[in-house]
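Take a walk through this fold with the model open beside you. The route goes from a pair of helices to a sheet and then to two single residues.

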Amino acid sequence: MSVVDQRGYYWMLLPLLAMAFMYFGIVGGMVDDWLNDENYSHGFIIPGIAAYFLWRSRVELVSSPVAPSFWGLVLVMMGGAMYLAGTVVQEYFLMRTSLIVILAGCIWNLFGYQILRLAALPIAYLIFMVPLPYTVYNSLAFPLKLFVARVAVFLLKFSGLPVLREGNVIIFPNITLEVVEACSGMRSLVSLIAMGVAYAFLALRYPWQRVLLVLSTVPIAVGSNVLRVYGTGVLSRYYGAEAAEGFFHEFAGIAVFLVALAGLVVFGAVLRFVGGRFHAK
C-alpha cells in the first residue's frame, strides 16, 4: 500500500470514533450481562473464537485484492436503522446486533465483497455473544420446562417411584420440586449451539455434517437436562431436599453441561467417520 493510499484511509478515523462513542455503553452493558447472567457467560469466549476463525483465513485474506464497494454502505445504513429503532424502543437486542451489521458493512465498503465473504463466518459468529430478548428467552424456556418435567416424571414413574406432576412442579410423598429455568435446558441449549457451530466449522468438512451437528445440540441439551431432573428427583426422594439445593444443584448443572458437550463431541466424531466413509466411495 502506498503513502497516498494510506492517507486515503485517514477519513476512517472519524466514523470509527463515532462508532466507539455509539457502542461504548452498549458493549459495556453486554459484558455486564456476561458477568451477571449465567445464561450468557459463554459470551466472553465468542470474540476469541471469531478471531480464531479470522486467523485461519489469514492466507486467503492477505492474498485477496482490496476492492472497496459503495454497496457496503447499504449494510451500514441498515445497521444504523437498527440502532436507531433499538434506541427508540429501548430494545437492546436490536442495538447490539446492529454493531455486527455495521461491522460487515464497513468491511464490504472498505475492502470489498471477496474479503467480506472470507470474514463472513467470524462476523456472523459474533451473534452468539448477544443475549436473546427476554420475551424470546422466556417464551422458549417455559414450554421447555414443561417438557423436561413431563419426560422426567415419566422416567421416575417407570422406575417405580410414587410421583405426580402439576405443570412444572414434581410432587413426591416427602418433597415437592419445581423445574426452574436453570433446569429447562435453555441455558445449556444457548451455550451448546454456540459451541456446536464452532465445532462444526473446525472439525467437519461437509455442509450436511455441520447442519446435523448443530441440529443435534437441541436433543442433546434437552435430553441431558431431563437426566438432571430425573437424577435430582431420585436423590431427593431418598435423601431429601438437600439433594436439590446448594452445591449439589450447581455441581449437577456443570456436570450435565460437560456430559452434553461430550455427547456433542462423540456425535461429531461419528459424523466425521461416516462422512469419510461416504465420500470415499
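Start with two helices in this predicted model. Helix 8 spans residues 134-158, and helix 10 spans residues 207-239. Their axes come within 9 Å and cross at roughly 55°. An angle of 35 to 65 degrees is neither roughly parallel nor roughly perpendicular. Helix 8 and helix 10 are therefore oblique to each other. The crossing has a hand, too: helix 8 passes helix 10 in a right-handed sense.

Now look at the side of each helix that meets the other. Helix 8 brings L144, F147, V148, V151, A152, L155 and L156 to the contact. Helix 10 answers with V222, N225, V226, V229, Y230, G233 and V234. What classes of residue make up this contact? Twelve are nonpolar and two are polar. No charged residues take part.

Move on to the sheet. Three strands form an open sheet in the order 1-2-3, and their pairing is antiparallel. Strand 1 covers 164-166 and strand 3 covers 176-178. Why is one side of each of these two strands left without a neighbour in the sheet? Both stand at the edges, and each has a single partner strand, so one side has no neighbour there. Neighbouring strands are turned against each other by 20° on average, with direction ignored.

Zoom in on one pairing of this sheet. Strand 2 is made of residues 169-171. It pairs with strand 1 in the antiparallel sense, over three bridges. To find the register, pick E166: it stands opposite V169 in strand 2.

Two single residues complete the tour. The first stop is S191, which sits in helix 9, residues 186-203. Is S191 buried or exposed? Its relative accessibility is 10%, and buried means under 20%. S191 therefore counts as buried. Which residues does S191 touch, once neighbours within four places in sequence are left aside? The contacts are N39, H42 and F257.

The second stop is E60, in helix 4, which runs over residues 58-63. E60 has a relative accessibility of 39%, so it counts as partly exposed. That class lies between the cut-offs of 20% for buried and 50% for exposed. Now trace from E60 to L118. These residues are 58 residues apart along the chain. Their C-alpha atoms are separated by 7.6 Å.

Methods. Residues numbered from 1 in each chain as written. Predicted model: local features only at pLDDT ≥ 70, side-chain atom pairs only at ≥ 80, totals over all residues. Heavy atoms only, no water. Pairing = 2+ DSSP bridges. Helix = DSSP H or I, 4+ residues; strand = E, 2+ residues; numbered from the N terminus. Axes fitted to C-alpha atoms, helices over the stretch in contact; angles between N-to-C directions. Parallel < 35°, antiparallel > 145°, perpendicular 65-115°, else oblique. Left-handed = near helix turned anticlockwise from the far one by under 90°. Contact = heavy atoms within 4.5 Å. Nonpolar A, V, L, I, M, F, W, Y, C, P; charged D, E, K, R; others polar. Buried < 20%, exposed > 50% of the residue type's maximum accessible area, 1.4 Å probe, protein only.
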